[in-house]
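This briefing is meant to be read alongside the sequence and the three-dimensional model. Please keep both in view while going through the points.

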Amino acid sequence: MPSVKNNIILNAINIVTAFIFPVITFPYAARVLLPEGIGTINFLNSFISYIILFTSLGIPMYAVKEVARHRDDPKERNKITIEVIIFSLILCIFGYIAVWLLALFVPQIHAQASIFFVLSLAILFNALGVNWFYQGIEDFKVITVRAVIFRTISALGLFLFVKSPSDLIIYAFILVGSTVGNNILNFIYLYKYIHFKDIKFRGLQIGRHLRPALEVFVLNLLISLYTQLNLIMLGFLAGEEAVGFYTAGNKISHIGLLIVSSISTAIFPRCAHLLKTGDTEGFRLMVTKSLDITLATSWPMMIGLLALAYPITLIFCGPEYSRSVGVLYFTAPALIFISLANVLGVQVLYPKDQIKIVIRGAVAAALFNIILNFILIPHYGATGAAVATLVAEAAGFFYQLIAGRKFYPFPLKALLSKNYIIASLVMLACIYACCYPIESLALKLVIGIPLGIFVYSIYLYLVKDSIYLDLLSYIRSFFHRLSNKY
């Protein structure tokens with residue numbers, strides 16, 4: 001069985017490169033394409049995201065769970081894989097019917113139809129993508145290596161071929177390639193695990209995956225109401241420029257979220273497998289450790305974004321995006337609620353077949369988000385949408401926390417770890433004290449980021465925090481093995 005530590009590291013590498021790609025490319029794209037261009041791309045892409053949501057039908061998350069559960073039974077595992085792939089391709093056909101209808105009858109989309117069609121390639125690549133299979137068998141190396149290669153190629157393509165606001169269609173190609181381009185190779189690589197000649201296609205039961213996938217789909221649909229719907233409502237209620245401001249601020253906080261959520265992605269298949277095999281103690285230890293790691297990373301990430309919101313936004317996006325700072329002030333705190341909800345929902349409730357609790361939490365969040373968007377966006381634009389997002393995420397988390405409390409293998413007080421909260425507040429005070437007098441935005445970041453990491457690390461070392469000491473032990477062990485090897 002693959003090492004959980006290696007899985008987390010590989011998935012973290014995948015997430016870090018996903019972090020690095022927008023850090024490197026978005027500032028350049030934002031300056032070249034300007035807020036209107038970025039707003040156009042994200043406005044159109046929000047529709048594609050909804051189509052992918054419907055054509056995916058909750059399959060990725062459901063398929064990870066099923067593949068992980070049957071990992072020790074290759075025959076059943078491979079049968080499930082083929083059934084899910086065929087199911088995905090059937091749904092893909094309906095997705096392209098929706099693309100054609102939107103391009104034909106929606107004026108805002110019809111005016112940018114060529115860009116819309118390019119972005120729609122993600123629907124096909126997503127249908128062929130079998131990342132869920134590799135996650136289920138915990139082969140994160142395959143996912144990571146190909147993702148890094150395609151992101152590198154896409155970054156080079158951006159700097160070489162996107163030179164002016166008229167290059168939107170080229171940027172659309174690059175955006176698709178950077179996110180789902182590697183899915184083609186991942187699909188081809190399946191031959192290593194599945195011999196299609198051994199599959200009896202007459203015995204396939206594609207329909208059996210509809211109902212459980214629909215449950216996950218309902219959850220994903222509700223979540224999208226307070227993520228992608230923000231962009232659509234902003235586009236109609238405040239204009240495409242507001243979409244650009246919201247995208248810039250939200251993208252920065254989302255990068256931090258990707259890093260933290262990489263833990264849940266890596267641990268979820270192992271949790272499903274442990275429950276299937278009846279190892280409740282192993283499940284408890286796994287989830288408890290995951291919760292500690294999530295708290296140890298999400299608190300300093302959130303505080304760091306708040307402390308350095310102004311220089312981060314203006315340096316990475318440009319002075320034209322100063323109104324995005326207000327967005328970041330509200331989307332950064334949402335990181336805490338989303339991260340903890342991932343632990344409770346993805347790692348505990350869903351593997352325990354309690355997805356209905358997660359769905360009801362998402363309903364609460366979606367209702368808060370939609371109502372607040374209608375109230376706040378007309379008056380406060382992008383910042384209003386950010387406030388609505390924060391309230392929605394908090395509402396969803398607290399519902400999930402209360403309704404599912406008897407299923408969690410740890411006491412609820414474990415969610416409030418004073419070590420990480422105090423360490424983050426000490427870090428905040430030091431960053432402000434040292435960086436506030438500095439006028440140069442770049443120097444604020446150059447000093448503030450390493451200073452924050454140093455202060456946070458020293459505090460955890462002084463209080464002998466177990467997660468921090470485990471990390472130090474792992475690093476020492478890694479370099480010891482490396483020195484012996486060479």
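What follows covers the nonpolar core, aromatic rings, a helix pair and two backbone positions. The model is a predicted one, and the statements below should be read with that in mind. Its largest nonpolar core has 150 residues, and 14 aromatic pairs are counted.

**Nonpolar core**

- Within the largest nonpolar core, which has 150 residues, those with the most contacts inside it are W132, F133 and Y134.
- Leaving out residues up to four places away in sequence, W132 touches I59, P60, A63, V64 and V67, and also T81, V84 and I85.
- F133 and Y134 appear again in an aromatic cluster, which they form together with Y189, Y191 and Y193.

**Aromatic pairs**

- A pair of aromatic rings is described by how far apart the centres are and by the angle of the planes.
- Of the 14 aromatic pairs, one is formed by F43 and F47, whose ring centres are 5.4 Å apart and whose planes stand at 85 degrees, over the 60 degrees required, so the pair is edge-to-face.
- Both F43 and F47 belong to helix α1 (residues 4-56), where they are 4 residues apart, about one turn of the helix, and both are buried.
- Y189 and Y191 also make an edge-to-face pair, because their planes are at 80 degrees, with the ring centres 6.3 Å apart.
- The two members of this second pair have opposite burial labels: Y189 has a relative accessible area of 19% and is therefore buried, the limit being under 20%, whereas Y191, at 53% relative accessibility, counts as exposed because the limit there is over 50%.

**Charges over rings**

- R146 lies over the face of Y189, at 4.6 Å from the ring centre, and this is the Y189 that pairs edge-to-face with Y191.
- K464 is placed over the face of Y461, with a distance of 4.5 Å from the ring centre.

**Helices α3 and α6**

- Two packed helices are described by the angle between their axes and by the distance between those axes.
- Helix α3 (residues 74-105) packs against helix α6 (residues 121-128) at an angle of about 170 degrees, and their axes are 9 Å apart.
- Because angles over 145 degrees count as roughly antiparallel, α3 is roughly antiparallel to α6.
- On the α3 side the residues that meet α6 are S88, L89, C92, G95, Y96 and V99, while L121, I123, L124, A127 and L128 are their counterparts in α6.
- L89, whose place is in helix α3, is in contact with A127 and L128 once its neighbours within four places in sequence are left aside.
- At 32% relative accessibility, L89 counts as partly exposed.
- L89 and I13 are 76 residues apart in sequence, and their C-alpha atoms are 30 Å apart in space.

**Positive phi outside glycine**

- Most residues other than glycine have a negative phi.
- L57, although it is not a glycine, has a positive phi of about 55 degrees, and L57 lies in the loop between α1 and α2 (59-69).
- With a relative accessibility of 9%, L57 counts as buried.
- K464 likewise has a positive phi, near 55 degrees, in a residue other than glycine, and its place is in the loop between α19 (441-462) and α20 (466-485).
- K464 counts as exposed at 51% relative accessibility, and K464 is also the residue that lies over the face of Y461.

Note on methods:
Residues numbered from 1 in each chain as written. Predicted model: local features only at pLDDT ≥ 70, side-chain atom pairs only at ≥ 80, totals over all residues. Heavy atoms only, no water. Core = buried A, V, L, I, M, F, W, Y, C linked by side-chain atoms within 4.5 Å. Buried < 20%, exposed > 50% of the residue type's maximum accessible area, 1.4 Å probe, protein only. Contact = heavy atoms within 4.5 Å. Phe/Tyr/Trp six-rings, centres within 6.5 Å; stacked < 30°, edge-to-face > 60°. Helix = DSSP H or I, 4+ residues; strand = E, 2+ residues; numbered from the N terminus. Lys NZ or Arg CZ within 6 Å of the ring centre and 35° of its normal. Axes fitted to C-alpha atoms, helices over the stretch in contact; angles between N-to-C directions. Parallel < 35°, antiparallel > 145°, perpendicular 65-115°, else oblique.
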